[in-house]
Amino acid sequence: MLRPFIAGNWKMNLTLKESKDLAGSIRADIEGMQGVDVGAFPPSVFLESVYSVLKGSSIILGAQNMHWEDNGAFTGEVSGSMIKDVGCTHVILGHSERRHIFGETDSMINLKLRAAFARGIMPIFCLGERLEERESGKTFKVIEKQLKTGLEGLKPDDVSMLTIAYEPVWAIGTGKNATPAQAQEVHGHIRALLEESHGEDVSTRVRIQYGGSVKPDNAAEILAQPDINGLLIGGASLKKDSFCKIVSVAFEQVRSPV
Ligand code: PEP
């Protein structure tokens with residue numbers, strides 16, 4: 001069993017004080033839980049402050065995005081070195097909101113993935129189909145293209161350290177989650193594609209998170225699927241109780257595997 005990775009994407013939410021309080025209460029709540037990786041991804045302006053709250057704990061700190069260049073005339077962007085400087089070890093790349101609101105393409109995401117690994121930052125690489133793509137039977141095709149272009153030119157060792165987040169766009173922030181069987185079907189396909197492109201050893205080491213309206217009451221069923229190795233959580237990560245409840249579901253499954 002791969003070590004589950006439960007990550008909270010706070011998106012563009014919370015005040016500075018709320019961010020620090022949330023980080024502090026998650027830290028206090030999950031103290032002593034072992035066998036599960038837990039990550040917080042606050043807005044970039046709060047990273048340094050949240051780092052000061054999480055420092056010395058096992059909680060992973062990550063940014064929600066980064067540019068592929070290290071510095072230069074890119075107004076409004078932050079680079080991998082910058083997020084590393086304020087304590088990040090991880091970064092979310094290719095989130096559907098970056099793709100569909102801000103026009104990020106598969107090739108841009110590929111540049112970002114390469115830049116993250118070049119700087120020793122571990123990416124969560126997000127992919128997923130839109131509703132019309134699912135309804136017209138194109139889910140696997142869309143995933144294949146996102147995965148193939150995203151991973152172009154990456155070293156197999158880097159790929160094996162990757163976390164992939166399968167997030168069907170129609171399930172993000174909508175309250176409609178994919179059924180565990182729908183999610184498992186795509187996760188299994190992603191793993192099969194990885195095996196084809198990078199071999200079995202790499203494919204069995206990559207963690208694949210599910211994301212899309214995960215709540216404490218549906219987390220157990222989703223996490224019980226064989227190819228689901230964690231969760232990327234938006235809305236439910238903004239409250240300590242719901243987030244930590246989901247973490248404890250993962251922890252229980254590690255303690256007593258189904
Ligand atoms: C996300 O934005 O990555 C996400 C999964 O959001 P939500 O949990 O709110 O659907």
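Colleague: Let's start with helix 5. Which of its residues are buried?

Modeller: Asp106, Ile109, Asn110, Lys112, Leu113, Ala115, Ala116 and Phe117 are buried in helix 5. Buried means under 20% relative accessible area, exposed over 50%, and partly exposed in between, with a 1.4 Å probe and protein chains only. Helices (H or I, at least four residues) and strands (E, at least two) are DSSP runs, numbered from the N terminus. As for the source, this is a predicted model, where local features need pLDDT of at least 70, side-chain atom pairs count only at pLDDT 80 or more, and totals for chains, interfaces and linings use all residues. Residues are numbered from 1 along each chain as its sequence is written, and side-chain values use heavy atoms, with hydrogens and water left out.

Colleague: How should I read the spacing of buried positions along a helix?

Modeller: An α-helix has 3.6 residues a turn, so residues three or four places apart point the same way. Here, Ile109 and Lys112 are among the buried residues of helix 5, as is Ala116.

Colleague: What do the buried residues of helix 5 pack against?

Modeller: Strand 4, helix 4 (96–100), strand 5 (122–127), helix 7 and helix 8 (156–160). Contact means heavy atoms within 4.5 Å. On length, helix 5 has 13 residues and spans 18 Å from first C-alpha to last, close to the 18 Å expected at 1.5 Å a residue. The expected span is 1.5 Å times one less than the number of residues. Just after helix 5, Gly120 has a positive phi of about 75°.

Colleague: How do I describe the pair formed by helix 5 and helix 7?

Modeller: Two packed helices are described by the angle between their axes and the distance between the axes. In this model, the axes of helix 5 (residues 106–118) and helix 7 (residues 139–151) come within 7 Å and cross at roughly 40°. That makes helix 5 oblique to helix 7. Angles under 35 degrees count as roughly parallel, over 145 as roughly antiparallel, 65 to 115 as roughly perpendicular, and the rest as oblique. Axes are lines fitted to C-alpha atoms, for helices over the stretch in contact, and angles run from 0 to 180 degrees between N-to-C directions.

Colleague: What is the handedness of the crossing, and which residues meet?

Modeller: The crossing is right-handed: the near helix is turned clockwise from the far one by less than a right angle, whereas anticlockwise would be left-handed. Asp106, Ser107, Asn110 and Leu113 of helix 5 meet Lys145, Gln146, Thr149, Gly150 and Leu151 of helix 7.

Colleague: On to the sheet. In what order do the strands close into a barrel?

Modeller: Pairing needs at least two bridges found by DSSP between two strands. Eight strands close into the barrel here, in the order 1-2-3-4-5-6-7-8, with parallel pairing. Neighbouring strands are turned by 25° against each other on average, direction ignored. Helix 2 (residues 47–54) packs on this sheet, touching strand 2 (37–41) and strand 3, and its direction makes about 175° with that of strand 3.

Colleague: How many bridges join strand 1 to strand 8?

Modeller: Four, and the two strands run parallel. Gly8 stands opposite Ile233 there. Strand 7 also pairs with strand 8 in the parallel sense, over two bridges, with Gly211 opposite Leu232. From strand 8, Gly230 and Leu232 point one way, Leu231 and Ile233 the other, and all are buried. Two bridges join strand 3 (residues 60–63) to strand 4 (residues 90–93), where Ala63 faces Val91.

Colleague: Which strands does helix 12 lie across?

Modeller: Helix 12 (residues 240–255) lies across strand 1 (5–9), strand 2 and strand 8 (230–233), at about 165° to strand 1. Its buried residues include Phe243, Ile246, Val247 and Phe251. Their cover includes strand 1, helix 1, strand 2, helix 11 and strand 8.

Colleague: How do I read a positive phi?

Modeller: Most residues other than glycine have a negative phi. Two residues to look at here are Lys11, with phi near 50°, and Ser213, at about 55°. Lys11 sits in the loop between strand 1 and helix 1 (16–30). Ser213 sits in the loop between strand 7 (207–211) and helix 11 (219–223). Lys11 counts as buried because its relative accessibility is 18%; Ser213 does so at 12%.

Colleague: Where does Asn13 lie?

Modeller: In the loop between strand 1 and helix 1. Asn13 is partly exposed, at 32% relative accessible area. Setting aside neighbours within four places in sequence, Asn13 contacts Pro43, Phe46 and Leu238. Its C-alpha is 8.2 Å from that of Pro42, 29 residues apart along the chain.
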